[in-house]
There are 2 protein chains.
Amino acid sequence: MAPDVLRVAAVESGVRVLRPGAGSRARALAAGAGDVSNVCVCGAGTLGTQVALQIAISGFNVSVLDVTDAALDKCRASHETLLQQYVAREQAGDQARAWKGLASSDKPASEVAAQTLGRLSYTTDAAEAASSCDLVSENVPEVPEIKAATYANLSKHAPEHAIFTSNSSTLLPSTFADKTGRPEKFCALHFANGIWDANIGEVMPHPGTDPAVTRAVMKFAGDIGMVPFLLNKEHNGYLINALLVPWLAASLTLVQKGVSEPRDVDRAWLICQKAFTAPPGAVMGPFQTMDMIGLPLVSGVMDYWGEQLKDEQMTANGVFVKEQYIDRNKLGIMNGDPTKDAAEGFYTYPNPEFLQKEFLS
Amino acid sequence: MAPDVLRVAAVESGVRVLRPGAGSRARALAAGAGDVSNVCVCGAGTLGTQVALQIAISGFNVSVLDVTDAALDKCRASHETLLQQYVAREQAGDQARAWKGLASSDKPASEVAAQTLGRLSYTTDAAEAASSCDLVSENVPEVPEIKAATYANLSKHAPEHAIFTSNSSTLLPSTFADKTGRPEKFCALHFANGIWDANIGEVMPHPGTDPAVTRAVMKFAGDIGMVPFLLNKEHNGYLINALLVPWLAASLTLVQKGVSEPRDVDRAWLICQKAFTAPPGAVMGPFQTMDMIGLPLVSGVMDYWGEQLKDEQMTANGVFVKEQYIDRNKLGIMNGDPTKDAAEGFYTYPNPEFLQKEFLS
């Protein structure tokens with residue numbers, strides 16, 4: 001079934017043992033993470049292929065479902081290649097590129113790879129894929145009709161207790177909730193491309209999702225090595241794309257309008273990003289950045305741009321910062337030293353949460 | 001005049017010699033950068049204070065003009081404090097925090113600091129500040145009436161050949177061009193807060209600016225240690241704020257609407273930023289990011305969001321990427337290895353320009 005990987009496994013000797021890590025992954029590997037043992041990954045495209053592998057490598061049985069054998073063959077070949085890369089990464093001692101989802105394994109990579117392949121199956125038969133699953137991850141194309149038909153089909157075969165999750169990037173779960181036949185057991189669980197490095201799991205319920213289901217999906221996301229993020233409401237783009245798309249659009253606008261060139265936009269951004277960081281050289285998130293800028297200036301800029309651009313949400317953001325922070329004397333750190341200066345803003349200084357080692361785990 | 005700094009200078013011994021650096025700054029220190037020797041910095045607020053110091057430390061004579069002695073006293077005190085920090089940074093060997101604008105000095109920091117103070121003067125008299133200047137940097141408050149009155153006053157006293165530049169963050173130079181009495185010798189030269197670390201100089205002419213003046217201001221920006229960026233057209237927010245404001249606004253929207261919390265937005269962004277980088281751990285600009293994502297996906301996302309949000313500029317950006325890049329078979333590196341894979345996108349791979357050491361200089 002996986003001759004290349006097994007061959008890799010056979011020739012391994014003295015491979016490095018992965019360091020012990022987060023408990024949730026250790027439990028997942030040991031016990032199957034509570035209620036979920038069998039997962040159906042529907043759609044074997046780029047991201048579906050990654051999702052299936054990440055779930056399998058975390059200790060769950062995975063049935064990959066797609067409509068053609070060609071798609072499944074390609075998916076299986078990708079899994080074999082990716083597992084070879086995983087073994088090679090460990091061999092090279094390349095911890096910086098190690099799969100975050102596997103930090104807790106105490107087995108040699110070659111053994112993990114072989115066991116992972118043993119937990120993966122591939123089929124074009126929806127009944128076979130879904131009939132014993134506890135959770136579905138839907139990764140089919142972003143076409144409403146395809147999504148609807150997929151859910152209608154899966155709901156016929158999956159057990160009543162099975163939770164359905166969508167990995168849709170662009171469509172909100174409420175759009176399809178009724179098609180699943182189990183709206184209260186349905187929400188989005190969205191992954192980023194490069195799932196083993198960008199290990200976020202964005203969990204977005206629709207208004208009809210049972211809160212217990214949302215909690216179970218949050219737990220499952222953690223069990224497969226993702227850092228789980230709960231979105232309290234439906235929002236286009238989840239967290240990452242909601243920030244990324246406006247940033248990319250603004251950069252394209254500069255070039256599309258003939259104001260600047262790609263290289264200059266990148267250079268200017270990089271120079272300022274590298275300068276405005278604490279500690280120096282670190283990447284900063286938007287709220288860290290706003291605390292450094294100072295919240296009165298941020299609020300003023302939102303007011304100004306909101307008025308200039310007739311953008312009511314921008315204006316609302318300015319009012320929000322004023323009422324929730326500035327009026328409560330939370331002004332940000334304003335170019336102060338976050339390791340030493342006392343201040344309140346989105347974070348509490350000195351020694352804000354983002355300087356703690358576990359912030360990103 | 002500057003007892004604290006001079007005292008610091010006196011007790012210095014064995015200070016580190018700064019490393020030789022970019023030629024433009026060396027020439028500025030040696031010869032006064034061509035046509036510009038004397039600079040009038042008008043407005044001694046936070047950024048005006050930084051601008052004045054950076055210009056003086058680069059070898060130019062600077063006259064700081066403000067309307068009150070109190071403002072000038074505060075500015076002078078800030079200069080002394082900042083120069084003490086500059087000396088202390090060098091003493092600590094803290095190259096990561098060394099002033100980029102001074103990388104080329106071969107003098108001990110204490111000597112540079114003392115000479116810098118000797119090149120600075122402070123006055124409330126516009127005639128004294130402007131009558132012998134070659135270039136003006138205007139840093140007065142972002143109130144149209146104040147800007148207009150300032151330019152009307154300065155234009156009476158400054159020599160005919162003097163170039164006027166505005167550091168306005170929010171107002172376009174065309175708004176004031178006529179008030180300067182010399183619209184063809186006027187453009188924006190915009191700095192970032194923390195000028196010695198975030199050393200960008202955004203040069204934005206208005207339609208009536210003489211191209212020779214734009215070139216002279218670009219040269220001057222380089223001579224004072226800034227990486228100069230030419231904007232071909234007027235654009236709100238220049239480069240950095242044009243990217244930063246939509247990114248910050250999108251993050252605030254997530255919290256203002258109750259979708260997420262500041263810490264979660266930052267964590268999700270940081271996890272993905274650290275994952276989607278080449279080389280690993282580096283910060284990426286927006287065009288590098290788009291090449292990694294792949295331009296077909298970027299174009300598709302712009303089309304989709306443009307339609308969803310009824311945002312014509314977003315749609316135009318999607319068309320731009322398709323026509324200028326995708327249709328010419330420039331698809332980006334698409335998760336490939338930029339050090340090894342051949343590809344075309346906004347950059348040419350392998351070994352794109354952004355991996356070269358001089359990219360940010």
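How many residues of chain B are in contact with chain A? The count is 76 residues of chain B, in contact with 77 residues of chain A. Before I go on: this is a predicted model. Please keep that in mind throughout.

Let me stay with that interface. Which elements of chain B supply it with at least two residues each? One strand does: β8, residues 227-230. The helices are α9 (240-256), α10 (262-275), α11 (286-293), α12 (295-309) and α13 (312-324). Now the chemistry of the side of chain B that touches chain A. Its residues divide into 47 nonpolar, 19 polar and 10 charged.

Next, the symmetry. How are the two chains related? Turn chain B by 180 degrees, with a shift of 0.0 Å along the axis, and it can be laid on chain A with an RMSD of 0.1 Å. That is the relation of a two-fold axis. Which residue of chain B has the C-alpha nearest the axis? It is W247(B), with its C-alpha 2.6 Å from the axis. And the same surface serves both copies. Of the contact residues of chain B, 100% recur in chain A.

Now the sheet in chain B. It is open and has 8 strands, with mixed pairing. Read across, the order is β3-β2-β1-β4-β5-β6-β7-β8. What stands at the edges? There we find β3, residues 120-123, and β8 of chain B. Each has a single partner strand, so one side of each is left without a neighbour in the sheet. On average, neighbouring strands are turned by 25 degrees against each other, direction ignored.

A quick reminder for the pairing. Strands of a sheet pair through backbone hydrogen bonds, either parallel or antiparallel. Take β7 of chain B, residues 200-205, and β8(B): these two run parallel. They are joined by 4 bridges. Which residue in β8(B) is the bridge partner of E202(B)? The partner is F229(B). And remember β8 of chain B from the interface: this strand supplies at least two residues to the side that touches chain A.

Some overall figures for chain A. Its secondary structure comes to 13 helices and 10 strands. The chain has 361 residues, and buried residues make up 52% of them. Now take the contacts in chain A with a separation of 6 or more. Residues 24 or more positions apart account for 66% of these.

Last, some backbone details to look at on the screen. Start with the peptide bond from Y349(A) to P350(A). Is this bond cis or trans? It is cis, with omega near 0 degrees. P350(A) lies in the segment after β10 (348-349) of chain A. Chain B has a cis peptide bond joining Y349(B) and P350(B), with omega about 0 degrees. P350(B) is found in the segment after β10 of chain B.

Go on to N351(A), in the segment after β10 of chain A. N351(A) is not a glycine, yet phi is positive, about 55 degrees. Why does N351(A) count as exposed? Because N351(A) has 12 C-beta neighbours inside 10 Å, and the cut-off for exposed is 12 or fewer.

One more positive phi. K310(B) sits in the loop between α12 and α13 of chain B. Phi of K310(B) is near 50 degrees, and this residue is other than glycine. With 8 C-beta neighbours inside 10 Å, K310(B) also counts as exposed. The helices that flank this loop, α12 and α13 of chain B, were both on the interface list.

Conventions:
Residues are numbered from 1 along each chain as its sequence is written. Chains are lettered from A and ligands numbered from 1 in the order in which they are written. This is a predicted model: local features need pLDDT of at least 70, side-chain atom pairs count only at pLDDT 80 or more; totals for chains, interfaces and linings use all residues. Two residues are in contact if their C-beta atoms, placed from the backbone, lie within 7 Å. Ala, Val, Leu, Ile, Met, Phe, Trp, Tyr, Cys and Pro count as nonpolar, Asp, Glu, Lys and Arg as charged, and the others, Gly among them, as polar. Two strands pair if DSSP finds at least two bridges between them. Axes are lines fitted to C-alpha atoms, for helices over the stretch in contact, and angles run from 0 to 180 degrees between N-to-C directions. A residue is buried if 20 or more other C-beta atoms lie within 10 Å of its own, exposed if 12 or fewer, and partly exposed in between; C-beta atoms are placed from the backbone. Copies are superposed by least squares on the C-alpha atoms of residues with pLDDT of at least 70 in both.
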